[in-house]
Amino acid sequence: MCTVIVGFDPEASTPLVLAALRDEMLDRAWEPPAAHWPDRPHLLGGRDVRE
């Protein structure tokens, strides 16, 4: 799974922030990007199924 995180706030001193992660474990179970965290409704991301 590959994940790219983009943060954009035109009023910030750094208006655009990019972060990326490339996971080489293709057989590892995961959930696709969604709002998995009820206490952070604006946060979207994939989630690792294995703990």
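How far apart are the mean positions of the positive and negative charges of the chain? The chain carries 5 positive and 9 negative charges, and their mean positions lie 5 Å apart. Keep in mind that this is a predicted model, so a look at its confidence comes next.

**Confidence**

The average pLDDT of the chain is 85, and 96% of the residues reach at least 70. Among the elements, strand E1, covering residues 2-8, has the lowest mean pLDDT, at 83. At the other end, strand E3, covering residues 30-34, has the highest, at 88.

**Fold and overall shape**

What is the chain built from? There are four strands and zero helices, and from the N terminus on the order reads β-β-β-β.

The radius of gyration of the chain is 13 Å, whereas a compact globule of 51 residues would have a value near 10 Å. Measured out along the principal axes, the C-alpha trace spans about 40 × 25 × 15 Å. Just 4% of the 51 residues count as buried. The accessible surface amounts to about 4600 Å², and carbon and sulfur atoms account for 60% of that.

Contacts across long stretches of sequence can be put in numbers too. Taking contacts between residues at least 6 apart in sequence, 6% join residues at least 24 apart.

**Two residues to look at**

Here are two residues you may like to find in the structure above.

| Residue | Location | Relative accessible area | C-alpha separation |
|---|---|---|---|
| Leu26 | loop between strands E2 (16-22) and E3 | 71% | 9.9 Å to Cys2 |
| Val49 | segment after strand E4 (45-48) | 45% | 6.7 Å to Glu31 |

Is Leu26 buried or exposed? Leu26 counts as exposed because its relative accessible area, 71%, is over the 50% cut-off. This residue sits in the loop between strand E2 and E3. Its partner in the table, Cys2, is 24 residues away along the chain, with 9.9 Å between the two C-alpha atoms.

Val49 belongs to the segment that follows strand E4. With a relative accessible area of 45%, Val49 falls between the 20% and 50% cut-offs and therefore counts as partly exposed. Which residues does Val49 touch, leaving aside its neighbours within four places in sequence? Val49 is in contact with Ala29, Trp30 and Glu31. For Glu31, which is 18 residues from Val49 along the chain, the C-alpha atoms are separated by 6.7 Å.

How values were computed
Residues numbered from 1 in each chain as written. Predicted model: local features only at pLDDT ≥ 70, side-chain atom pairs only at ≥ 80, totals over all residues. Heavy atoms only, no water. pLDDT = per-residue confidence, 0-100. Helix = DSSP H or I, 4+ residues; strand = E, 2+ residues; numbered from the N terminus. Rg over C-alpha atoms; globule rule 2.2 N^0.38 Å. Buried < 20%, exposed > 50% of the residue type's maximum accessible area, 1.4 Å probe, protein only. Contact = heavy atoms within 4.5 Å. Areas by Shrake-Rupley, 256 points an atom, 1.4 Å probe, with all protein chains shown as cover. Lys, Arg positive; Asp, Glu negative; His and termini not counted. Charge placed at Lys NZ, Arg CZ, Asp CG, Glu CD.
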